[in-house]
Amino acid sequence: AIPHAPLFDEEPGSVIVSLRMEGFARGSSLPERRGLFLDAFPEHVGTSVAGIEHYRWKFTTFPSSPTSYEYVAWDQKKLVGYYAAIPYGYCIGGVDVTVGMVCDVMTHSEARGRGVFTQLGRYALDQMALSDVDWVSGYPVRPAVLPGHLKVGWRVAFELPLSIKVLRSNALLKGRGLGWLAPLLNPILTFYGAVTAWMQSAPSGYEVDSLDVSQFLALEGYPAFFQSWASTQKNYLKKSPDFLRWRLGAPECHYRCHRVSYHQEWVGLAITRLSVLQGVPSLAILDWMVLPGHEISLSVLLRHLGSKETGGWAEVLVTMMSRFQTARHRLFSFGFLPTPVRFKLILNRLKNHISWEAMLQERDWHLMWIDSDDL
């Protein structure tokens, strides 16, 4: 998710005791929220993420009722905190649950270290516990935010490392002052890619069709494919056509859906987005669903993505998944390498009908970028 604003340990005597916490009033407080957003996330100034259209898409158009849960903290007349969640539908061990995906958690720079994060977090969770939300999830990447979450009952389930497959090294090396090495390294990367593709080549019969979102959503076969795939999973996000229409409808974001078939039978689906990540032109794989027995089709998909979908623009393929799923899909054998960037899945239980044990087993989850609000 969008990285939370930095959090610092509270100093004795510095906690704001006059905080007023309440549900967010969209009609009257949007300007204050935007000001808080720009203060908390200055890296997004001037981007579409900071725009009102992005806010409205994210928090007012989700296919559920309510569309989101939003809470704020005021110090006098100053908005100093914001905490929100979107009610994602999951199946956990055969039981349907609502998981509030927590995002856009913000504390004003002038109020950090004064208890706003903890107090607002506790208030928001108490309020959501009165709703239909069973659990809440988050995907922090900054270690500084964890203490505030842990204080109000969150647990770290497992890590979600980023893995990359380097197609060209130009931007990676240039950003480190080593751009002159790219002409030497790129031929090696090309040879390495060819070797891994040869070693992991799939049998004939696999094909990849790449579609824009509107074309994909017009396909009649997706619900049947998803049901077949879901029957092989234990814990997964319910990615209905309505959910994907929302998730892949973010303003100024362009997604592609890649259907993998075997002798015309639908066996896999990948969702991607072109993006610049840490200065590197990248093709991000947000989701990869494949039917058992067709895992080797990843080689066909990756060859297609590397040669056709990037148009020579993207220099790396990048994805996020748990270590268990990384090993299960044998990403290393397909040329992916681990990076130091690690998101975490954190969870908090609001109702008792699903056990912690059921939620904390890494091997039971299919979890990728699509489950968050990032990208």
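This is a short chat about helix packing, cysteines and unusual backbone spots in a predicted model.

User: Before we start, what kind of model is this, and how are residues numbered?
Analyst: It's a predicted model, where local features need pLDDT of at least 70, side-chain atom pairs count only at pLDDT 80 or more, and totals for chains, interfaces and linings use all residues. Residues are numbered from 1 along each chain as its sequence is written, and side-chain values use heavy atoms, with hydrogens and water left out.

User: Okay, at what angle do helix 1 and helix 2 cross?
Analyst: Roughly 130°, and the axes of helix 1 (residues 26–40) and helix 2 (residues 52–60) come within 12 Å. Helices (H or I, at least four residues) and strands (E, at least two) are DSSP runs, numbered from the N terminus. Axes are lines fitted to C-alpha atoms, for helices over the stretch in contact, and angles run from 0 to 180 degrees between N-to-C directions.

User: What do you call the way helix 1 and helix 2 lie to each other?
Analyst: Oblique. Under 35 degrees counts as roughly parallel, over 145 as roughly antiparallel, 65 to 115 as roughly perpendicular, and the rest as oblique.

User: Which residues meet there?
Analyst: On helix 1 you've got Arg26, Leu30 and Arg33, and they meet Ile52, Tyr55, Phe59 and Thr60 of helix 2. Contact here means heavy atoms within 4.5 Å.

User: New topic: how many disulfides does the structure hold?
Analyst: Zero. A disulfide is counted when a pair of cysteine sulfur atoms is within 2.5 Å.

User: Why no bond for Cys257?
Analyst: Because the closest cysteine sulfur, in Cys253, is 14 Å from the sulfur of Cys257, too far for a bond.

User: Is Cys257 buried or exposed?
Analyst: Buried, at 0% relative accessibility. Cys91 is buried too, at 8%. Buried means under 20% relative accessible area, exposed over 50%, and partly exposed in between (1.4 Å probe, protein chains only).

User: And the backbone: where's the cis peptide bond?
Analyst: Between Ser65 and Pro66, with omega about 0°. Pro66 sits in the loop between helix 2 and strand 2 (69–75). Most peptide bonds are trans, and most residues other than glycine have a negative phi.

User: What's phi for His263?
Analyst: Near 50°, so a positive value in a residue other than glycine. His263 is in the loop between strand 9 (255–262) and strand 10 (265–277), and is exposed, with a relative accessible area of 57%.

User: What about Arg330?
Analyst: Arg330 isn't a glycine, but has a positive phi of about 55°. Arg330 lies in the loop between helix 11 (323–328) and strand 13 (337–349) and is partly exposed at 37%.
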